[in-house]
Every structure is written in structure tokens, then in C-alpha cells.
Amino acid sequence: MQGSYLLDPITVCFQNQSVFVRCDSKSLVEPIRTVFLHFSGPEEISRSASPSGVFTVQTLDGEFQLSNENGEILAKTKQLQELQQILKSEVSLALIRATPEYMWLHASAAACDNAAFLLTGISGKGKSTLVTSLCEVGWKFLSDDMLPFD
């Protein structure tokens with residue numbers, strides 16, 4: 001099935017917005033889907049609604065290629081983890097652009113009882129690790145990267 005887009009797109013949702021991620025290989029579906037496990041959105045978004053973004057992942061000559069709806073190549077990499085990071089950033093940016101009514105923070109967050117803990121900071125300094133640790137002791141996960149404020 002490589003090279004074909006007959007696979008259903010992965011739909012990433014936030015509020016009433018959606019972004020589609022298409023891929024040409026069944027083996028990419030789960031690794032891509034896991035990147036977006038914590039994104040929230042409505043259970044059902046109309047297929048007729050225009051998505052806020054469409055991204056395509058192709059496997060060409062042992063390399064992953066990420067492009068947008070205009071066919072512009074955004075990244076090429078041989079590393080799945082790098083592809084996942086770039087795709088998460090691009091999808092997040094598409095959703096941020098589609099929801100200007102929110103102020104977006106680069107932050108991690110968790111909740112317990114009626115309180116939430118919000119941690120901002122630069123990448124790689126332990127925000128996600130701290131939130132993961134809180135979740136291991138019973139806190140509810142809210143975000144590990146981007147957080148909308150209204």
C-alpha cells in the first residue's frame with residue numbers, strides 16, 4: 001500500500017477545528033497516532049468541514065517526507081522520532097492559527113482535585129517529565145507541550 005493514500009487520514013481535533021494527517025504506509029499510522037493521543041476535541045467532526053490543515057507523510061527511498069496541503073516539502077528525515085516531533089509542531093501550529101481566540105502557551109500542565117499546575121519554560125528542561133511524574137501519582141494529564149488559555 002506504500003505510495004497510496006487510500007488509508008483514512010488521522011484526524012487531530014481541538015474544539016471545532018481539525019487537521020488531517022495522511023500517510024502512505026500502514027506501518028506509520030500507529031506511530032503518528034500516538035503523537036496526538038492527548039489532543040482533545042469533539043468526538044465527531046463533519047467530514048464535509050474544511051480541515052485547518054492537511055499534512056502528508058510519504059516514505060521515499062528509506063526517508064520520511066512531510067509536506068503540507070500545498071505540496072510544499074516541510075521536512076525530510078530518516079528518523080521516525082524526528083518526523084514525529086516535526087509533525088507535532090506543524091499540526092500544533094495549524095490548530096493555533098485556526099483558533100486565534102485563544103492565547104497559547106508553551107507549557108505542561110496537570111490537574112488534581114480543583115487545582116491545576118502549569119509549568120512554562122524552554123524546551124528540554126523537564127516540563128513533560130515533571131507532569132508525567134505527577135500523573136504517575138494520580139494527577140490528571142492536561143498538556144505536555146502547548147496549552148490554550150481563553
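These exercises work through a predicted model, each with a stepwise solution.

## Exercise 1: Overall layout

Task: State how many helices and strands the protein has, and in which pattern they follow one another.

Solution.
- Step 1. Count the elements. The protein has three helices and nine strands.
- Step 2. Read along the sequence. The pattern is β-β-α-β-β-β-α-β-β-α-β-β.
- Step 3. Add the burial. Of the 150 residues in the protein, 37% are buried.
- Step 4. Add the surface. The protein exposes about 9000 Å², and carbon and sulfur atoms supply 50% of that area.
- Step 5. Add the contacts. Among contacts with a separation of 6 or more, 55% come from residues 24 or more positions apart.

## Exercise 2: Helix H2

Task: Check the span of H2 against its number of residues, then find where its buried residues fall around the axis.

Solution.
- Step 1. Locate the helix. H2 covers residues 80-98.
- Step 2. Compute the expected span. At 1.5 Å a residue, counting one less than the number of residues, the 19 residues of H2 should span 27 Å.
- Step 3. Compare with the model. The end C-alpha atoms of H2 are 27 Å apart, which agrees.
- Step 4. List the buried residues. In H2 they are Leu83, Gln84, Leu87, Lys88, Val91, Ser92, Ala94 and Leu95.
- Step 5. Look down the axis. These buried residues fall within an arc of 160°, so they line one face of H2.

## Exercise 3: A lysine in H2

Task: Decide whether lysine 88 is buried or exposed, and name its contacts beyond its neighbours in sequence.

Solution.
- Step 1. Place the residue. Lysine 88 is in helix H2.
- Step 2. Apply the cut-off. Buried means under 20% relative accessible area. Lysine 88 has 18%, so the residue counts as buried.
- Step 3. Find the contacts. Neighbours within four places in sequence are left aside. Lysine 88 then touches Val35, Phe36, Asp144 and Asp145.

## Exercise 4: The two sides of H3

Task: Find which residues of H3 are buried, and what covers them.

Solution.
- Step 1. Pick out the buried residues. In H3 (residues 127-136) they are Lys127, Val131 and Leu134.
- Step 2. Take the arc. They cover only 55° around the axis, which puts them on the same side of H3.
- Step 3. Turn to the other face. The face turned away from the buried side carries the exposed residues Thr129 and Glu136.
- Step 4. Identify the cover. What lies over the buried residues of H3 includes S6, S7 and strand S8 (140-143).
- Step 5. Follow the chain onward. Glycine 138 comes after H3 and has a positive phi, near 110°.

## Exercise 5: The S6-S7 hairpin

Task: Describe how S6 and S7 are joined, and characterise aspartate 113 in the turn.

Solution.
- Step 1. Count the bridges. Six of them join S6 (residues 103-112) to S7 (residues 115-120).
- Step 2. Give the direction. The two strands run antiparallel.
- Step 3. Name one partner. Alanine 107 is bridged to threonine 120 in S7.
- Step 4. Inspect the turn. S6 and S7 form a hairpin with two residues between them. Aspartate 113 sits there with a positive phi of about 55°.
- Step 5. Check exposure. Exposed means over 50% relative accessible area. Aspartate 113 has 77%, so the residue counts as exposed.

## Exercise 6: Another positive phi

Task: Locate aspartate 61 and give its phi.

Solution.
- Step 1. Find the loop. Aspartate 61 is between strand S3 (53-60) and strand S4 (63-67).
- Step 2. Read the angle. Phi is near 50°, a positive value in a residue other than glycine.
- Step 3. Check exposure. At 81% relative accessible area, aspartate 61 is exposed.

## Exercise 7: A serine in S4

Task: Describe the surroundings of serine 67.

Solution.
- Step 1. Place the residue. Serine 67 is in strand S4.
- Step 2. Check burial. Its relative accessibility is 7%, so serine 67 counts as buried.
- Step 3. Compare sequence with space. Serine 67 and valine 57 are ten residues apart in sequence, and their C-alpha atoms are 6.7 Å apart.
- Step 4. List the contacts. Leaving aside neighbours within four places, serine 67 touches Val54, Phe55, Thr56, Glu72, Ile73 and Leu74.

## Exercise 8: Aromatic rings

Task: State how many aromatic pairs the structure holds, and classify the pair of tyrosine 102 and tryptophan 104.

Solution.
- Step 1. Count. The structure holds three aromatic pairs.
- Step 2. Classify. The rings of tyrosine 102 and tryptophan 104 are 6.3 Å apart, centre to centre, with 70° between the planes. Planes over 60 degrees apart count as edge-to-face, and this pair is edge-to-face.
- Step 3. Extend. Ring pairs link Phe14, Tyr102 and Trp104 into a cluster.
- Step 4. Check burial. Tyrosine 102 is buried, at 17% relative accessible area.

Key. Residues numbered from 1 in each chain as written. Predicted model: local features only at pLDDT ≥ 70, side-chain atom pairs only at ≥ 80, totals over all residues. Heavy atoms only, no water. Pairing = 2+ DSSP bridges. Helix = DSSP H or I, 4+ residues; strand = E, 2+ residues; numbered from the N terminus. Phe/Tyr/Trp six-rings, centres within 6.5 Å; stacked < 30°, edge-to-face > 60°. Buried < 20%, exposed > 50% of the residue type's maximum accessible area, 1.4 Å probe, protein only. Contact = heavy atoms within 4.5 Å. Areas by Shrake-Rupley, 256 points an atom, 1.4 Å probe, with all protein chains shown as cover. Arc of directions from axis to C-beta.
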